[in-house]
Amino acid sequence: MHPLVARGSSVVSEKLTIGKLAGATGTKVETIRYYEQIGLLPAPARSASNYRTYEGVHLRRLSFIRRARDLGFSIDQVRELMGLADHRDQSCIAVDVVANQHRDAIRRKIADLTALAGELDALIDSCSRNTVADCRIIEALAPSA
């Protein structure tokens with residue numbers, strides 16, 4: 001675990017620069033600024049010298065965003081999940097709906113990619129390995145006359 005990440009139930013009390021926040025979460029500085037711009041990450045306080053100063057709440061929220069994005073959730077889905085996470089007393093049925101929709105989309109993509117791989121296998125297997133002029137792969141990619 002990175003030393004800046006909250007340990008157990010303790011909260012990071014140290015003020016973090018954007019560079020330290022980026023390092024702690026494995027997020028690019030530009031991405032952190034983007035998340036602030038679109039409202040996924042709250043705007044940080046500013047130091048006397050006008051530098052952004054982040055706190056534990058930013059670290060936890062950015063870690064949540066990063067994990068959700070790593071799992072393939074869209075920005076809109078992350079926004080929805082964070083909104084649900086902010087209301088911890090509600091039923092988790094809405095969270096299940098978002099997760100199920102995302103899982104179903106992943107399964108559709110896997111099926112599409114599997115079909116695509118099958119088409120490419122057939123093209124590759126049909127190759128006579130003569131000249132490019134006789135190549136079935138090139139023929140399949142070329143626009144119809």
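**Exercise 1. Classify the two partners of the R103–D104 pair by exposure and give their separation.**

Step 1. D104 has a relative accessible area of 32%, so D104 is partly exposed. The classes are these: buried is under 20% relative accessible area, exposed is over 50%, and partly exposed is in between (1.4 Å probe, protein chains only).

Step 2. R103, at 36% relative accessibility, also counts as partly exposed.

Step 3. R103 and D104 form a salt bridge, with 3.4 Å between the closest N and O atoms. A salt bridge here is a side-chain nitrogen of Lys or Arg within 4 Å of a carboxyl oxygen of Asp or Glu. Side chains of opposite charge can pair when their charged atoms come close.

The model is predicted: local features need pLDDT of at least 70 and side-chain atom pairs count only at pLDDT 80 or more, while totals for chains, interfaces and linings use all residues. Residues are numbered from 1 along each chain as its sequence is written, and side-chain values use heavy atoms, with hydrogens and water left out.

**Exercise 2. How many salt bridges does the rule give, and what are the details of K20 with E14 and R52 with E36?**

Step 1. The count comes to seven salt bridges.

Step 2. In one of them, K20 pairs with E14, and the closest N and O atoms are 3.2 Å apart. K20 is partly exposed at a relative accessible area of 40%, and E14 is partly exposed at 35%.

Step 3. Another joins the side chains of R52 and E36, at 3.0 Å from N to O. R52 lies in strand β2 and E36 in helix α2, so this pair ties together parts that are 16 residues apart in sequence. Helices (H or I, at least four residues) and strands (E, at least two) are DSSP runs, numbered from the N terminus.

Step 4. E36 counts as buried, at 14% relative accessibility.

**Exercise 3. Describe the two sides of helix α2 and the surroundings of E36.**

Step 1. Helix α2 covers residues 29-37, and E36 lies in it.

Step 2. The buried residues of α2 are I32, Y35 and E36. Seen down the axis of α2, these buried residues fall within an arc of 105°, so they line one face of the helix. The arc is that of the directions from the helix axis to the C-beta atoms. An α-helix has 3.6 residues a turn, so residues three or four places apart point the same way.

Step 3. E30 and Q37 are exposed on the other side of α2.

Step 4. The buried residues of α2 pack against α1, β2 (52-53), α3 (56-70) and α4 (75-85).

Step 5. Not counting residues up to four places away in sequence, E36 touches L41, P42, P44, R52 and Y54. Contact means heavy atoms within 4.5 Å.

Step 6. Just after α2, G39 takes a positive phi of about 85°.

**Exercise 4. Is T27 buried or exposed, and what does T27 contact?**

Step 1. T27 sits in the loop between α1 (18-25) and α2.

Step 2. The relative accessible area of T27 is 5%, so T27 is buried.

Step 3. The side chains of T27 and T25 are joined by a polar contact of 2.9 Å. Such a contact is a pair of N or O atoms within 3.5 Å; within protein, one must be able to donate a hydrogen and the other to accept it, and residues adjacent in sequence count only if both atoms are side-chain atoms.

Step 4. Leaving aside neighbours within four places in sequence, T27 is in contact with A22, I32, L62 and R66.

**Exercise 5. Describe V78 and L84 in helix α4.**

Step 1. V78 lies in helix α4 and is buried, with a relative accessible area of 0%.

Step 2. V78 touches L40, I65, A68, R69 and F73, not counting residues up to four places away in sequence. V78 and Y51, 27 residues apart in sequence, are 27 Å apart in space, C-alpha to C-alpha.

Step 3. L84 is found in helix α4 and is buried at 17% relative accessible area.

Step 4. With residues up to four places away in sequence not counted, L84 touches Q90, A94 and V95. The C-alpha atoms of L84 and R108 are separated by 26 Å, and these residues are 24 residues apart along the chain.
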